[in-house]
Amino acid sequence: MADVAPETLLARAIADILVAGGLGVWRKDGTAYTADEHGLFIDQPMPTTVRQLTLVTPLRPVRDSRTTVLYRAQLATRLVAEKTNMAGIRARADRIAGLFDHREYTPPILGISFSTEYSRLYFDPDSQNQVMVTQSFEFLGHTPSPNPGTTP
């Protein structure tokens, strides 16, 4: 099995936490989502065939020092406006932030010690009556060691 980039591991862990929090369904095998499901997607273009979704996009990690890294991810959540409204998308964003904002050891990988939401932007209904929010999070972690069991 090929090595997986740390930011991809983070995106997968975020999806697992969203599923555990009741905020979506993640079909790792690529099976299509039903119209009633809130689909979770990782690191791909924004799907046009699924109307209710959260897309987790890993952003480039930023080295803070020799061993400390800021891992970052953006979550873009889209809902159907006739089922909700701007208050509904705000509530959804708050639920997501509740899982990741100012949390210790979340997710418990990559030596992550603290996570913070640092950006949030709402989008009004589009021509297909869909509302959206993007949220950016940073996760303070450690540089993976090239030799497990040693310090980087």
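Helices here are DSSP runs of H or I at least four residues long, numbered from the N terminus. With that in hand, let's walk through this predicted model.

**Stop 1: helix 1 and its end**

Select residues 6-20, which make up helix 1. The helix has 15 residues, and its first and last C-alpha atoms are 21 Å apart, close to the 21 Å expected at 1.5 Å a residue. Now move just past the helix to Gly 22, which follows helix 1 and has a positive phi, near 75 degrees.

**Stop 2: the buried side of helix 1**

Which residues of helix 1 are buried? Select Leu 10, Ala 11, Ala 13, Ile 14, Ala 15, Ile 17 and Leu 18. An α-helix has 3.6 residues a turn, so residues three or four places apart point the same way. Next, show what the buried residues pack against: strand 1, strand 2 (53-63), strand 3 (68-80), helix 2 and strand 6 (130-142).

**Stop 3: from helix 1 into the loop**

Time to look at charges. Side chains of opposite charge can pair when their charged atoms come close. The whole structure holds four salt bridges.

Stay on helix 1 and pick Asp 16, then add Lys 28; their closest N and O atoms lie 3.8 Å apart in a salt bridge. This pair links distant parts of the chain, with Asp 16 in helix 1 and Lys 28 twelve residues away in the loop between helix 1 and strand 1 (39-42). Asp 16 is partly exposed at 37% relative accessibility, while Lys 28 is exposed at 60%.

**Stop 4: within the loop**

Select Arg 27 and Glu 37 now. Their salt bridge brings the closest N and O atoms to 2.6 Å. Both residues lie in the loop between helix 1 and strand 1, so the pair ties together parts that are ten residues apart in sequence. Is Glu 37 buried or exposed? Its relative accessibility is 17%, and because the cut-off for buried is under 20%, Glu 37 counts as buried. Arg 27, at 24%, is partly exposed.

**Stop 5: helix 2 meets strand 5**

For the last stop, choose Asp 94 and Arg 120, whose side chains meet in a salt bridge of 2.7 Å, N to O. Asp 94 sits in helix 2 (residues 86-100) and Arg 120 in strand 5 (residues 114-123), so this is a link between distant parts of the chain, 26 residues apart. Both are partly exposed: Asp 94 at 46% and Arg 120 at 28%. Finally, add Glu 117 to the selection: Asp 94, Glu 117 and Arg 120 are linked in a network of salt bridges.

Terms used:
Residues numbered from 1 in each chain as written. Predicted model: local features only at pLDDT ≥ 70, side-chain atom pairs only at ≥ 80, totals over all residues. Heavy atoms only, no water. Helix = DSSP H or I, 4+ residues; strand = E, 2+ residues; numbered from the N terminus. Buried < 20%, exposed > 50% of the residue type's maximum accessible area, 1.4 Å probe, protein only. Expected span 1.5 Å × (residues − 1). Contact = heavy atoms within 4.5 Å.
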